[in-house]
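Reader: I'd love a close look at one part of this protein, the open space that could hold a small molecule. Could you walk me through it, and then through any enclosed spaces as well?

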Amino acid sequence: MLTKTALRSRQSTLWRYQELLPVQRRENFVTCGEGFTPMLHLKRYGANIGLSSLWLKDEGLNPTGSFKARGLCLAVSKAKELGIRKVLLPSAGNAGSALAAYAAQAGLEAHVFLPANTPETNKREIRTYGAHLVEVEGTISDAAKRMSSMKDELNGFDLSTMKEPYRLEGKKTLGFEIAEQFDWKLPDVIVYPTGGGTGLIGMWKGFDELEALGWIGAERPRMIAVQPTGCAPIVRAWEQKKPECEFWERTETIAVGLRVPKAFADWLILRVIRETHGTAVAVSDDEIRDALRDIAETEGVLMCPEGAATAAALERLKQVNLIARDQTIVILNTASGLKYSEVLS
Ligand SMILES: *Cc1c(COP(=O)(O)O)cnc(C)c1O
């Protein structure tokens, strides 16, 4: 039976929460060892910026080097269970790599549609795992359009962000782990680098499930969405108090995983922010580079630019009194900095 005590002796992957996951049969678990990533106390960096309880969940240690592994692990496992043979996905890069890896293990045929200017590492990973790669001029939205134009011909299952339910089920384990790693007392603030928003919405769903189990109370962390100034549709909608985003015309940022001109579930992202009394903040690429270097130099963690954006947002959040010295604050490193060699010094 699933109890807090039983969890202590379970495996260090997201499958430790298997009763709360939608895959019925164990033989359909497709696993590369995803989840249960470290929660690091950033003592030196925190002291430098006046925060005593600043934590970093290092999702860069997941298989394929990003937290996309959580969602695609569940989506591919469930696809296997449902007897699906072929899967399709438009991606900014890391989702494509994760899909390619899990599809390889499950023996599914995978087709990934990427913007042509996606980092070379992502393209090489995808090809090496044996997936089909289609490069498309433009953004992830253009890649998605190309994919739908080929849907009849390919006749595969669409795993686009928030258009099927299971990637979210994988991402909600991020919420379970944060709760478990803080001994079932949620932090005050969670800062999330937002593209399509699955992680943010997933954590929120995960917390609701833990409350339904009676494992946590009704309180929630402030959920804070961070985007780069070169692609900040959620921040703009939040500031203008709109219920959904307008399409962001020209995306330009080193945080390539956040180049999502209009998230499919934008209204849900905005709702999570509103209901948890959070906010949405934009940071520049220069601020991202500075934070990336500062954390590497003081903590020995190589963040991805998307993750470093959450660190870069802290100063702004302090100025507007949304965070304070003694609060427990979690920032997320959503991928390994090693995947972004072109951004490093
Ligand atoms: C995809 C991605 C994000 C954003 O995740 P969403 O679920 O799309 O909001 C953040 N960081 C990295 C490294 C990513 O690959």
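**The largest pocket and its ligand**

Author: Happy to! The largest pocket has 45 lining residues, and those nearest its centre are P90, I140, T161, G196 and V260. Please keep in mind that this is a predicted model. The space in this largest pocket comes to about 710 Å³.

Let's start with the walls. Several elements each give at least two residues to the lining of the largest pocket: strand β3 (86–90), helices α4 (94–106), α6 (140–149) and α8 (166–181), and strand β7. Of the elements, α6 provides the largest share, with 6 residues. Sorted by class, the lining of the largest pocket has 20 nonpolar, 16 polar and 9 charged residues.

Now for the occupant. The ligand takes up the space of this largest pocket. Around the ligand there are 18 residues, and K68, G196, G197, T198 and T334 come nearest. G196 therefore turns up twice: it is among the residues nearest the centre of the pocket, and it is also among those that come nearest the ligand, where near is judged by heavy atoms within 4 Å. The shell around the ligand draws at least two residues from β7 (189–193) and at least two from α9 (198–212). By class, the shell splits into 6 nonpolar, 9 polar and 3 charged residues.

Three contacts are worth finding on your screen. At K68, an N or O atom of the side chain lies 2.9 Å from an oxygen atom of the ligand. At G197, a polar backbone atom is 2.6 Å from an oxygen atom of the ligand. At T334, an N or O atom of the side chain is 2.7 Å from a nitrogen atom of the ligand. As for how much of the ligand is covered, the protein hides 96% of the 380 Å² of accessible area that the ligand has on its own.

On to the enclosed spaces. Rolling a probe the size of a water molecule over the atoms shows where empty space remains. The structure has 2 cavities of 30 Å³ or more.

The largest cavity holds about 40 Å³ of space. Its lining is made of A75, K78, A79, L82, I84, F157, L159, E164 and Y166. Helix α3 (residues 68–81) gives the largest share of that lining, 3 residues. In class terms, the lining of the largest cavity has 7 nonpolar and 2 charged residues, with no polar ones.

The second largest cavity has a volume of about 30 Å³. R236, A237, Q240, K242, E244, C245 and E246 line this second cavity. Here the lining counts 2 nonpolar, 1 polar and 4 charged residues.

If you want a place to begin, try the ligand with K68, G197 and T334 in view: the distances are 2.9 Å at K68, 2.6 Å at G197 and 2.7 Å at T334.

Notes. Residues are numbered from 1 along each chain as its sequence is written. This is a predicted model: local features need pLDDT of at least 70, side-chain atom pairs count only at pLDDT 80 or more; totals for chains, interfaces and linings use all residues. Side-chain values use heavy atoms; hydrogens and water are left out. A polar contact is a pair of N or O atoms within 3.5 Å; within protein, one must be able to donate a hydrogen and the other to accept it, and residues adjacent in sequence count only if both atoms are side-chain atoms. Accessible areas come from the Shrake-Rupley method with a 1.4 Å probe; for residues, only the protein chains shown count as cover. On a 1 Å grid over the protein atoms alone, a cavity is a set of points where a 1.4 Å probe fits but cannot get out, and a pocket is an open set with protein on both sides within 12 Å along at least five of seven lines; lining residues have an atom within 4 Å of a point. A molecule sits in a cavity or pocket if more than half of its atoms lie within 2 Å of its grid points. Helices (H or I, at least four residues) and strands (E, at least two) are DSSP runs, numbered from the N terminus. Ala, Val, Leu, Ile, Met, Phe, Trp, Tyr, Cys and Pro count as nonpolar, Asp, Glu, Lys and Arg as charged, and the others, Gly among them, as polar. Grid points are joined across faces, edges and corners, and a volume is the space filled by probe spheres set on the points.
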